[in-house]
Structures are given as structure tokens and as C-alpha cells.
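Please open the model in a viewer and keep the selection panel at hand. The tour below proceeds stop by stop, stating what to select and what is to be found there.

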Amino acid sequence: MSESNNNAGRTGETLLETKNITLSFGGVKALTDISFDVKEGEIRAIIGPNGAGKSSMLNVISGFYHPQQGEVWFRGEKRGPMKPYEVARQGVARTFQNIALFKGMSTLDNLMTGRMTKMHTNIFWQAIWKGPAEREELEHRERVEEIIDFLGIQSIRKTPVGRLPYGMQKRVELGRALAADAKLLLLDEPMAGMNQEEKEDMCRFILDMNDEFGTTIALIEHDIGVVMDLSDRVVVLDYGCKLADGVPDVVRNDQAVIDAYLGVSHES
Amino acid sequence: MSPDFLNVIEVILNGLMAGIMYSLVALGFVLIFKASGIFNYAQGVMALFAALTLVGFQTGQVPFAHLINATFGTDVHHWGSGMNTFLAILCTMAVMILFAWLLERIVLRHMVNQAPIILFMTTIGLAYFMEGFGDLMWGADIKNMDVGLPSGGSFWLEDVTKGWASEGSEYYGMYIDVLDVWAAGIAILLVISLTLFSQYTKTGRALRAVADDHQAAMTVGISLRSIWIIVWSIAGFVALVAGIMWGSKSGVQFSLSLIALKALPVLILGGFTSIPGAIIGGLIIGIGEKLFEYSLGGMIGGATENWFAYVLALAFLMFRPQGLFGEKIIERV
């Protein structure tokens with residue numbers, strides 16, 4: 001039961017495209033000539049063995065790394081070398097493999113920081129907290145409460161996230177990324193280190209997000225079963241090179257992928 | 001009430017007031033340390049520089065007068081009768097913001113991802129640079145600061161407290177400097193507004209976010225550079241307030257930068273990352289040193305105020321290294 005079928009008709013124009021990305025650290029080549037695209041409304045997975053360059057790819061997209069060669073196109077425009085915060089302001093939100101939350105702040109505050117790119121009142125209005133600033137706070141608060149409802153985290157609204165268990169922290173981080181109402185959501189191993197139940201919850205959130213809000217998602221995941229069920233299209237990396245690219249059924253049966261990653265023929 | 005008891009109260013009150021002055025300096029340290037993990041050794045010098053600049057604007061001094069005169073053989077010193085106090089404070093604040101901006105552009109930008117010790121060394125360099133620069137800009141003479149705050153002893157309090165003493169005893173009332181009371185009021189106002197700002201506004205939230213996790217802050221669209229400019233500007237503002245208070249109390253002189261050292265034990269007591277900690281720490285040190293001097297100082301030769309704070313801090317380090325309000329360091333393994 002591949003979820004990809006549900007979504008087949010809804011994916012639209014190309015949202016993000018990477019062209020011939022090459023990234024190296026000193027003499028080590030992390031990525032070699034990688035090109036792929038993400039279409040609006042789809043769930044795109046990047047898979048590959050450890051050290052294949054998946055996270056490097058995500059870091060290139062979100063502006064943490066700058067490739068030596070190649071171009072990133074976002075919404076039909078070529079992107080210059082950008083800082084991470086500029087990428088975020090363009091409408092790309094992300095989560096990290098090893099959770100990057102504001103540990104001393106409450107769940108609510110963490111989600112509110114997710115709205116940062118959407119808030120525009122200047123420091124003067126903020127200082128007196130009247131007029132536009134107050135209106136803006138309340139408006140964004142409403143959206144954040146919606147997301148809290150969606151993720152079912154009402155009970156931990158005021159808890160400092162540093163005290164939450166790992167699975168919950170992952171969920172809050174997802175919420176913060178979601179709060180940005182981003183055009184593209186990058187998830188770096190959203191299910192790493194989770195138990196079966198938490199994984200199922202996370203899967204459901206990702207699918208619902210895509211379904212209800214129409215969020216475009218690019219994710220990295222190790223759990224092959226999850227990836228194949230979740231995503232519309234999959235790109236496979238190995239040693240920094242692209243091995244395969246296509247819908248799950250095609251990728252699953254690709255001989256190069258089987259050899260490099262899956263090891264054995266994966267029954268469907 | 002016996003005069004002895006009233007004396008103790010007077011000592012405590014004066015300690016409170018002195019403590020608030022320490023807190024004002026410590027506050028600047030905490031702000032920058034929280035937001036960027038930098039221990040800003042230059043905070044005291046920033047207070048001095050702000051005070052020098054304020055007096056310069058007030059009295060209408062020509063900046064770099066010595067330099068100009070030496071180079072061109074002219075004899076300029078004042079460009080007029082000066083500005084009124086309010087305008088001068090605004091201009092000084094503008095200078096402090098400009099300073100924060102330049103600092104980010106010229107220095108901090110190149111220090112991203114450096115080890116904390118390197119950043120600390122940078123601020124030591126900055127302290128010496130600013131001391132010299134302030135000297136060059138406004139001259140090295142001791143200046144009077146008068147921003148219109150009342151000063152001197154409060155006769156009202158003297159009269160009131162005189163009545164409290166028991167009949168027939170020789171008691172002349174408490175002496176409390178009105179300037180200290182003003183300083184206390186202003187410091188409280190400053191802390192309340194800073195706290196509200198950081199809790200309930202977007203920029204405040206961004207400040208806390210950066211303090212918490214740089215990487216995460218960048219991913220939600222916060223520009224670290226603009227936050228650093230804001231933080232150093234706020235620290236500049238706090239320095240200005242501290243400079244005004246200390247300057248009004250004891251004149252604007254270069255030893256002002258040494259009061260920064262008294263902020264160190266305050267920080268060790270209160271914790272480097274806590275704004276309330278800076279306040280409470282300052283009060284404990286202020287009261288502690290005054291009481292100690294009053295009660296035991298005479299027995300061991302006096303002048304205990306010079307070292308008491310440091311000894312107290314040392315004792316604290318042994319039992320509670322993170323300070324009263326600091327974040328306890330727990331590594332999950």
C-alpha cells in the first residue's frame with residue numbers, strides 16, 4: 001500500500017532544483033555532481049548509507065554549506081550564496097538530526113520563534129508593546145495554538161523543552177518548522193532514535209501536514225520501509241554520487257540501489 | 001530603638017545602594033554573556049567611555065581636540081556652550097549604537113566560531129583600545145558629571161530617623177545619599193523593562209533564542225549579526241546608565257573602568273546567565289561588605305571592602321560554582 005498514489009495528481013511545478021552540486025571539504029568530496037528536483041506538494045525522500053552525503057545535501061539547500069560548484073534554484077529563480085537565516089526568510093524551514101531546539105524556552109516560545117520570519121513590526125512598536133506589535137503577537141499566537149492542537153502537545157505548552165523526552169523534543173522541533181508555514185520543509189531523519197509507536201505518530205504527522213496544509217517536504221530517513229511508504233519520489237545517494245531517482249517502486253527494483261544499500265532484494 | 005540598631009540599619013541600607021551600583025555593571029556583563037557566550041571584559045570601560053562622551057556633549061567639548069591641535073597647530077577645545085542633558089544622552093546613545101555596529105563589522109564578524117578564550121582576549125584588547133580612545137577623544141582630566149539628579153544627604157530621612165532613637169541618646173539620624181536612591185529606582189526600572197522586553201517581544205524572543213542555540217536560531221530566520229548589534233547596543237545603554245550613576249557619584253575618571261572588577265564577584269555569586277542573579281548578587285555583595293566592615297572591619301585593620309567581595313566569591317565557587325541563579329550544567333550521557 002504505497003501512499004504515493006494518493007498524491008500523484010497533486011504535485012505541481014518544480015519548487016526546488018539543485019543542478020550539478022559538488023561540495024568538498026579540503027580533499028574530501030562530500031557531494032559529486034548531484035542534481036534533483038522537488039516538486040510542489042510532494043514528499044521527497046533522500047536516502048543512502050551512512051556518509052552518503054544526505055545531510056550535506058540538506059545543509060547545502062538550507063545555506064549552512066556552500067557548494068564549490070553547482071546551482072540551487074528555488075521557485076524558478078537561481079539562488080546566490082545565502083546565509084541560513086536568509087534561506088529561512090525565503091520560506092525554507094528545517095529540522096536537525098540531533099535536535100536543535102531552544103532548550104531553556106517553553107514549547108510555546110519555541111513554536112513562536114518559528115513564526116519569526118513572518119513578524120515584521122519594528123523594534124519601537126515592540127518596545128511599547130502596543131498597536132501593531134500587540135496585534136501581530138496575538139495573530140501569530142493563534143496560528144501556533146493551531147499547530148499545538150495538530151501535534152497534540154497541549155499538555156507540554158509551558159514546559160521548557162530541555163526537560164521533555166527525546167521523542168517529544170523531535171515533535172516540538174517539527175512543530176517549530178511547521179510554524180514557519182514554509183514553502184519547503186526539510187526534515188533530517190525525523191524518526192531517528194524513535195520507538196515504533198513514536199515512528200507511527202511521526203509518519204502520520206508528516207502525511208497529514210502534506211495532506212492538510214499542502215506542505216512540500218524533503219526528508220532524509222534511514223528506515224527503508226517508512227521511506228517507501230511515505231514518499232512520492234526517492235533519490236538515492238552513495239559516496240556523494242546519485243545512484244537512482246524515481247518513484248519508490250522503481251527505486252526499490254534498481255539493481256545499483258540493491259547492491260549499494262539494500263543488500264538484499266526488498267520484498268514488496 | 002537603640003542607636004546601635006539604627007546604625008546597623010543604616011549600614012544595610014547603604015550596602016543595598018552600593019550593591020545596586022555593582023549590579024548595574026554586572027547587568028551589562030550578563031546581557032552579552034547570555035546572548036553570545038562572550039565574557040565582555042570591556043563592560044567597565046564602556047561605562048567610562050559612555051560617561052566621557054556624555055560629559056563631552058554636555059559641555060560642548062571638541063572631540064580629539066588634543067590631536068587636532070597637535071597636528072594643525074590650532075587651539076580648539078569647545079565648539080559652544082554644549083547641549084542640554086536630554087539631547088546629550090540621546091547623542092551618547094547614538095554613539096554607543098554606532099560603536100556596537102562598528103564592533104560587529106570590524107571585529108566580531110571575524111571571530112565567529114572562535115574559542116571562548118579568544119573572544120575573551122578580544123574583549124581585553126577592546127577594553128584597552130577604548131580606554132585609550134576615550135582618552136584621545138575627550139582628554140584625560142577628571143570631569144564632573146551633572147545630569148540634574150539630586151544628590152547629597154536626605155535631611156528628611158535624618159529628621160525622621162532622629163525621632164526613632166530612644167530618648168536622651170546621642171543620635172543624629174541616618175545618612176543616605178539621595179543620588180543612591182535615584183540610582184536604585186533607575187536600576188529597578190531598567191531591569192523590569194529589560195525583562196519585559198525579552199519575555200514579550202519578537203526581538204526579545206530572538207535574543208533568548210540566540211542565547212540558547214546559535215544554529216537553531218539561524219534556521220528560524222534570525223540573523224546573528226543583527227542580534228549581536230542589538231545586544232551590544234543594549235549593553236552600551238546599560239553601560240551609559242552605569243556611567244551616569246558612577247560618574248555623578250564620584251566624577252568621571254579613568255579609575256571608573258576598575259569598578260568592572262567588582263562586578264566579577266557579583267557575577268560569580270549571581271550566576272553568569274541570570275539577570276535577577278546580577279541584581280541579587282550585587283545586593284548581597286553590597287550589604288555583605290558594608291556589614292562586614294562595620295562589624296569586624298575595625299578588629300582587623302579596616303579597609304575590608306577592598307577584598308571582602310572576592311573572598312565571598314571564592315567561598316561561593318567552592319560550594320555552588322554555577323552561582324545562585326545560574327544554569328546548572330548537566331550533561332546527558
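Begin by selecting the contact between the two chains of this predicted model: 19 residues of chain B are in contact with 26 residues of chain A. On the chain B side, colour helix H7 (178-200), helix H8 (202-212) and helix H9 (214-219), each of which supplies at least two residues of the side that touches chain A. Of these, H8(B) gives the most, with seven residues. Colouring this side of chain B by residue class shows eight nonpolar, six polar and five charged residues.

Before leaving chain B, switch to colouring by confidence. The mean pLDDT of chain B is 86, and 98% of its residues reach 70 or more. Within chain B, select helix H4 (residues 85-106), where confidence is highest at 93, and then helix H6 (residues 155-164), where it is lowest at a mean of 80. For the model, the scores are ipTM 0.79 and pTM 0.81.

Move next to chain A and colour it by domain. The assignment gives domain 1 (1-91 + 184-268) and domain 2 (104-181). Where these meet, the contact takes nine residues from domain 1 of chain A and eight residues from domain 2 of chain A. On the domain 1 side, select helix H3 (84-90) and H8 of chain A, the elements that give two or more residues to the side touching domain 2. H8(A) gives the most to that side, with three residues. By class, this side of domain 1 has six nonpolar, one polar and two charged residues.

Keep H8(A) selected and add its flanking strands. Strand S7 (residues 184-188) of chain A, helix H8 (residues 196-213) of chain A and S8(A) make a right-handed β-α-β unit. S7(A) and S8(A) run parallel and are joined by five bridges; in S8(A), A:Ala218 is the bridge partner of A:Leu186.

Now add strand S3 (residues 43-47) of chain A, which pairs with S8(A) in the parallel sense over four bridges. Here A:Ile46 has A:Ile220 as its bridge partner in S8(A).

For the last stop, isolate strand S8 (residues 216-220) of chain A and display its side chains. Are its residues buried or exposed? Five of its five residues are buried, so that the strand is mostly covered. In a regular strand the side chains alternate between the two faces of the sheet. In S8(A), A:Thr216, A:Ala218 and A:Ile220 point one way, while A:Ile217 and A:Leu219 point the other way.

How values were computed
Residues are numbered from 1 along each chain as its sequence is written. Chains are lettered from A and ligands numbered from 1 in the order in which they are written. Two residues are in contact if their C-beta atoms, placed from the backbone, lie within 7 Å. Ala, Val, Leu, Ile, Met, Phe, Trp, Tyr, Cys and Pro count as nonpolar, Asp, Glu, Lys and Arg as charged, and the others, Gly among them, as polar. A residue is buried if 20 or more other C-beta atoms lie within 10 Å of its own, exposed if 12 or fewer, and partly exposed in between; C-beta atoms are placed from the backbone. Two strands pair if DSSP finds at least two bridges between them. A crossover is right-handed if, with the strands pointing away from the viewer, the path from the first strand over the helix to the second runs clockwise. pLDDT is the predictor's confidence in each residue, from 0 to 100. Domain bounds come from an automatic or database domain assignment.
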